[in-house]
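Q: I'm new to this structure and a bit lost. Could you pick a single part, take a close look at it, and fit it into the whole for me?

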Amino acid sequence: MKKIVETIGFLVFAQGAAGLLYEWTGWFRLWTVVRRIDFLSDRGLFVNIVLIVAGVAVMIAADSIKS
């Protein structure tokens, strides 16, 4: 269970990081989920920062899970 939560946290973090790279450089267009959701696309920078913070928080919280 701990590895699943860590993997989910990493995927959320990776989506946020790829989204920031897309916002700043135009790279990783295919990886970004935020760009594909219409009501989030105009707030892309903020949403990607939130994804990074949430991913890190989930990975840290995974340490409290006893396996």
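**A close look at helix α3**

A: Let's start with the whole chain: it has 3 helices and 0 strands. Here helices (H or I, at least four residues) and strands (E, at least two) are DSSP runs, numbered from the N terminus. Read from that end, the order of the elements is α-α-α. Bear in mind that this is a predicted model, where local features need pLDDT of at least 70 and side-chain atom pairs count only at pLDDT 80 or more, while totals for chains, interfaces and linings use all residues. Residues are numbered from 1 along each chain as its sequence is written, and side-chain values use heavy atoms, with hydrogens and water left out.

How sure is the predictor? pLDDT is its confidence in each residue, from 0 to 100. The chain averages 89, and 99% of its residues reach 70 or more. Among the elements, α3 has the highest mean pLDDT (94), and helix α2 (residues 38-41) the lowest (82). So let's settle on α3, which covers residues 44-61.

First, its length. The expected span of a helix is 1.5 Å times one less than its number of residues. For the 18 residues of α3 that gives 26 Å, and the end C-alpha atoms are 25 Å apart, which agrees.

Next, which way does α3 face? Its buried residues are G44, V47, N48, I52 and G55. Buried means under 20% relative accessible area, exposed over 50%, and partly exposed in between (1.4 Å probe, protein chains only). The five cover an arc of only 145° around the axis, so they sit on the same side of α3; the arc is that of the directions from the helix axis to the C-beta atoms. There's a simple background to this kind of pattern: an α-helix has 3.6 residues a turn, so residues three or four places apart point the same way. On the face turned away from the buried side of α3 you'll find the exposed residues F46, V53 and I60.

And what lies over the buried side? The cover includes α1 (2-25) and α2. It works the other way round too, since α3 is part of what covers the buried residues of α1, namely V5, G9, G16, A18, G19 and L20. α1 itself has 24 residues and reaches 34 Å from its first C-alpha to its last, close to the 34 Å expected at 1.5 Å a residue. Just after α1, G26 takes a positive phi of about 90°.

Now zoom in on three residues of α3, starting with N48. At 2% relative accessibility, N48 is buried. Leaving out residues up to four places away in sequence, N48 touches Q15, G16, G19, L20, E23 and V34, where a contact means heavy atoms within 4.5 Å. Within the helix, a polar atom of the N48 side chain lies 2.8 Å from the backbone oxygen of G44. For a polar contact, the pair must be N or O atoms within 3.5 Å; within protein, one must be able to donate a hydrogen and the other to accept it, and residues adjacent in sequence count only if both atoms are side-chain atoms.

V47 is buried as well, with a relative accessible area of 14%. Beyond four places in sequence, V47 touches V34 and L40. G16 is 31 residues away along the chain, yet the two C-alpha atoms are separated by 7.7 Å.

L51 also lies in α3, but is partly exposed, at 23% relative accessible area. Its contacts beyond four places in sequence are V12, F13, Q15, G16 and V34. L51 and F13 are 38 residues apart in sequence, while their C-alpha atoms are 6.0 Å apart.

Let's step back to the chain. Residues 24 or more positions apart account for 55% of its contacts with a separation of 6 or more. Of its 67 residues, 21% are buried. The C-alpha atoms fill a box of roughly 40 × 20 × 15 Å along the principal axes. The accessible surface comes to about 4900 Å², with 71% of it belonging to carbon and sulfur atoms; such areas come from the Shrake-Rupley method with a 1.4 Å probe, and for residues only the protein chains shown count as cover.

Methods
pLDDT = per-residue confidence, 0-100.
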